[in-house]
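Good morning, and thank you for coming. I shall speak briefly about disulfides and then about one pocket.

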Amino acid sequence: MNDSTQTDSKIERLTSVTPPTVDISNTPFTPATMAAATNVDPVDVSDGVLDADGTPADDIATVFNDPALGTTVTAPLYIANKGGGQDSFTLAAEGSYDAGSNSWLTALPDGWVVKFIDMGIDTTGNGTADIPGTGQQIFSTAQIPPNSVQFINAEITIPSDPLKALADSQQASVIDANGDGDLDYIISIKVTSANSGATDRKVEAIDVLSAKAIAITPPTGQNQVEPGGSVIYNHVLTNTGNTTETDIKLTSVDDNGFTHVIKIDTDGDGSPDTALTALCPATASNISVEGSDGTVQTVELTCLPDNTPMFELEPGETIPMEVTVFGPADAAPGSVNVTTITAESDSDSTLTTSAEDTTEIVRGQVRLYKYAAPDADCNGTADTKFTQYFEGIEPQQCVIWMLVAWNQGQTPALNTVISDAVPENTTYETSQPLQDCRLTTDVAVSVAPTDAGYPIDTTQEADLGNLCYPTAATGADVTGAENSGSVTYDAATLAPGDKAVGIFTVKVD
């Protein structure tokens, strides 16, 4: 029975509202750290700097010490939704904090890659994912229930290129996070609510392992001279590691009575002007060297007590060298000399590299030149111009070799045969037959060094004057053959000044 005279009342009060809050850390959350007021792995740049002082106020969540070039480190991420409702968060990997602009740099270091891998969600607070992860890359989280934690693995891949992963980082606005004396790479990871804009950030530091390495390229050279003649080989010394080398010395030796001179550029104009033996005693501590990429580098020069020059090379810096080898005037035909050029750290004998130039005495000044160019799809057309040395070819791709015989003497060279062998770890490509030409016969395909179709890359190699480049229609008076990995071109008599050219293709195993 309804009685309108009977009444009752109740008062309900909303005492608090839990605002949207997110917390990202490198360590699992506990009931205590799930409190909204607690920030695990906090980043505080209110003082204007990113700190790595080892105190509780340290802004660095994790320091990865000594990962190698080309490897991947994994930072476990725990993203806690401490808000009152479910939420989704976008994921971003960024750079360091710039004190000058009081802002975070959004770009990762060049060549670095960060992937976020879904590892599941813990809704019960027991530290395990009761909502399984996909194990796949994600760019934002799924809807995370309140008081739940998303598990993510941040896979940080370090470039294999030493110049992009230096032992002493040159990334913008970096710090020495582990106090070992060199700068480290900084990766900051930011999460942002897609609904409310709630955000948090944590910071990882990576101290890349030192990878010392130097190289002289090309590693070998080969040519011929008449008795008393000379031949020039070109090489480049490069710091191919990720550390600055302060004491690289160059030494060289001959045998069989041959001699040589090594010259380098010291005034930055790209022309070799000073012999190594004339650099010391040094008149100046620095020299200007035009590197192989055309940029002028300032290279610090010091001298050992015996006047051996030493160079300081930063990663990627180069010193082009012009090596002139002189044959003895009384040398017998068939005499062979090997000029060995060695670069070595004065303080670390394990850091060393060398190149060898083989010079043979011949009667009649026929010079042989050998070049190569990539042909990635093995169609018989070079992808670039020819050089004496290049890198980057992959298995099942092809290389076109070009051999040039040039009679630089004053008399005809009789019974001229150009011969070569298919290199190790390659196979002669039968789909691209041998081709050859003779300059004085195949004048229709003659090209000058200034022509766009000149086959040699004259930015890296000396030009050989006018050349013919073989086609299926050339080489009527040159006979090419391949037999069990041996390649020959019989040019018979090569007149003074004439040139015979042969090309063949191999596929990398």
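Let me begin with Cys-378 and Cys-398, both of which are buried. Please bear in mind that this is a predicted model. The two residues form a disulfide, with their sulfur atoms 2.0 Å apart. The torsion about the S-S bond of Cys-378 and Cys-398 is about 100°, so this disulfide is right-handed. As to its place in the chain, Cys-378 lies in the loop between strand S25 (366-375) and strand S26 (398-407), while Cys-398 belongs to strand S26, so the pair ties together parts that are 20 residues apart in sequence.

How many disulfides does the structure hold? There are three. When the bonded cysteines are numbered in sequence order, the pairing reads 1-2, 3-4, 5-6.

I turn next to Cys-437 and Cys-468, whose sulfur atoms are 2.2 Å apart in a disulfide. This link is right-handed, with 90° about the S-S bond. It joins distant parts of the chain: Cys-437 is in strand S29 (residues 435-438) and Cys-468 in strand S31 (residues 467-468), 31 residues apart. Are these two cysteines buried or exposed? Cys-437 has a relative accessibility of 0% and therefore counts as buried. Cys-468 is buried as well, because its relative accessible area is 1%, and buried means under 20%.

The remaining pair is Cys-280 and Cys-303, a disulfide with sulfur atoms 2.0 Å apart. Here the torsion about the S-S bond is about -90°, so the disulfide is left-handed. Cys-280 sits in the loop between strand S18 (274-275) and strand S19 (286-290), and Cys-303 in strand S20 (residues 296-303), so parts 23 residues apart in sequence are tied together. The two ends of this link fall into separate classes of burial: Cys-280 is buried at a relative accessible area of 7%, whereas Cys-303 is partly exposed at 29%.

Finally, the pocket. The second largest pocket has a volume of about 200 Å³. Which elements give two or more residues to its lining? They are strand S16 (245-253) and strand S17 (259-264). The lining includes Leu-250, Thr-251 and Ser-252, together with His-260, Val-261 and Ile-262. Also among the lining residues are Leu-276, Thr-277, Asn-307, Thr-308 and Pro-309. By character, the lining of this pocket divides into five nonpolar residues, six polar and no charged.

That concludes my remarks, and I welcome your questions.

Notes: Residues are numbered from 1 along each chain as its sequence is written. This is a predicted model: local features need pLDDT of at least 70, side-chain atom pairs count only at pLDDT 80 or more; totals for chains, interfaces and linings use all residues. Side-chain values use heavy atoms; hydrogens and water are left out. On a 1 Å grid over the protein atoms alone, a cavity is a set of points where a 1.4 Å probe fits but cannot get out, and a pocket is an open set with protein on both sides within 12 Å along at least five of seven lines; lining residues have an atom within 4 Å of a point. Grid points are joined across faces, edges and corners, and a volume is the space filled by probe spheres set on the points. Helices (H or I, at least four residues) and strands (E, at least two) are DSSP runs, numbered from the N terminus. Ala, Val, Leu, Ile, Met, Phe, Trp, Tyr, Cys and Pro count as nonpolar, Asp, Glu, Lys and Arg as charged, and the others, Gly among them, as polar. A disulfide is a pair of cysteine sulfur atoms within 2.5 Å. Buried means under 20% relative accessible area, exposed over 50%, partly exposed in between (1.4 Å probe, protein chains only).
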